[in-house]
Amino acid sequence: MATADTVYNTTTAAQEPKSRKWFIVPSENLDKVRFAIKVIELLLSFVAFVMEEVVSSCSQCGPLYFFEFVSCTALLFTLLLLILLATPLHQRVGINSWPSLDFGYTSVMAILFFLASILFAADNGQTGLEQGTVAFGFLATVAFFIDFGLFVKNRGIPCRKGNNQQADRTPRPESEKLNANGTDSVN
């Protein structure tokens, strides 16, 4: 049995050592600048959400509730995306197109935050708290649009064909079968 182990050991490919890092910025999906912007998005969304929650009364509550929904969604999903992209957890999730997901999420949140801030600015009680909430909503909107712009500038639009980016660089198995005797057979 000792000789069989040596045969298998010499032909077995070495496994890559597992990284003990739990925080991987910069990575192929998130550079340092965009990481900082995502943290700013998270903080501004948090402040906007908390300030909105402190509003005690509203005459027309629809815009307030829409702003609450958008700010809470931005807070939770930005936190989730930040955790996934800044740690090795994104490798364990069955998603292969992180740039497309990040691009889509950032663009949708920028538009939703912009709409929610406009609607809440147009229809609120004009208290200092509500105006501050609207201000943080617009600041979060600006952060999302800056993130969107940097993404497009650095990586292009991932959904377009001919983007000059290779989506998957893993080697593909050969599809041609080898003959048993090593020669091509002519039929």
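**Helix packing around α2 in a predicted model**

In this predicted model, helix α2 passes α4 in a left-handed crossing. The two axes come within 14 Å of each other and cross at roughly 35°. On the α2 side the contact is made by Arg34, Lys38 and Ser45, and on the α4 side by Asp102, Thr106 and Phe113. Sorted by class, these residues comprise one nonpolar, two polar and three charged. For orientation along the chain, α2 spans residues 32-54 and α4 spans residues 98-122.

The packing of α2 against α3 (residues 62-86) comes next, with an angle of about 150° and axes 9 Å apart. Since angles over 145 degrees count as roughly antiparallel, α2 is therefore roughly antiparallel to α3. This crossing, too, is left-handed. From α2, the residues that take part are Phe35, Lys38, Val39, Glu41, Leu42, Ser45, Phe46, Ala48, Phe49, Glu52 and Glu53. Their partners in α3 are Leu64, Phe67, Glu68, Ser71, Cys72, Ala74, Leu75, Thr78, Leu79, Leu81, Leu82 and Ala86. The contact of α2 with α3 holds 15 nonpolar, three polar and five charged residues. Lys38 and Ser45 of α2 deserve a second look, as they appear in the contact with α3 and also in the contact with α4.

A third partner of α2 is α5 (residues 128-155). Here the helices pack at an angle of about 160°, and their axes are 9 Å apart. This angle makes α2 roughly antiparallel to α5. The crossing of α2 and α5 is left-handed, and its contact residues divide into 17 nonpolar, four polar and five charged.

The helices can also be set beside the database record. An unreviewed UniProt entry carries the annotation "transmembrane region" for residues 35-52, 64-89, 101-122 and 134-152. In the model, residues 35-52 are 100% helix and 0% strand, and the end C-alpha atoms of this span lie 26 Å apart. Residues 64-89 are 88% helix and 0% strand, with 35 Å between the end C-alpha atoms.

Two features of the backbone lie in loops. The peptide bond from Val25 to Pro26 is cis, with omega near 5°, and Pro26 sits in the loop between α1 and α2. In the loop between α4 and α5 is Gln126, a residue other than glycine whose phi is positive, near 60°. Both are worth a glance because most residues other than glycine have a negative phi, and most peptide bonds are trans.

A word on confidence rounds off the picture. The mean pLDDT of the chain is 83, and 75% of its residues reach 70 or more. Among the elements of the chain, α2 has the highest mean pLDDT, at 96, while α1 (residues 2-11) has the lowest, at 56. Over residues 164-168 the pLDDT falls below 50, and this stretch has one contact in the model beyond near neighbours in sequence. Where pLDDT is low, the predicted coordinates should not be read in detail.

Notes
Residues numbered from 1 in each chain as written. Predicted model: local features only at pLDDT ≥ 70, side-chain atom pairs only at ≥ 80, totals over all residues. Heavy atoms only, no water. pLDDT = per-residue confidence, 0-100. Helix = DSSP H or I, 4+ residues; strand = E, 2+ residues; numbered from the N terminus. Contact = heavy atoms within 4.5 Å. UniProt positions renumbered as here; feature names shortened; annotations may be inferred. Axes fitted to C-alpha atoms, helices over the stretch in contact; angles between N-to-C directions. Parallel < 35°, antiparallel > 145°, perpendicular 65-115°, else oblique. Left-handed = near helix turned anticlockwise from the far one by under 90°. Nonpolar A, V, L, I, M, F, W, Y, C, P; charged D, E, K, R; others polar.
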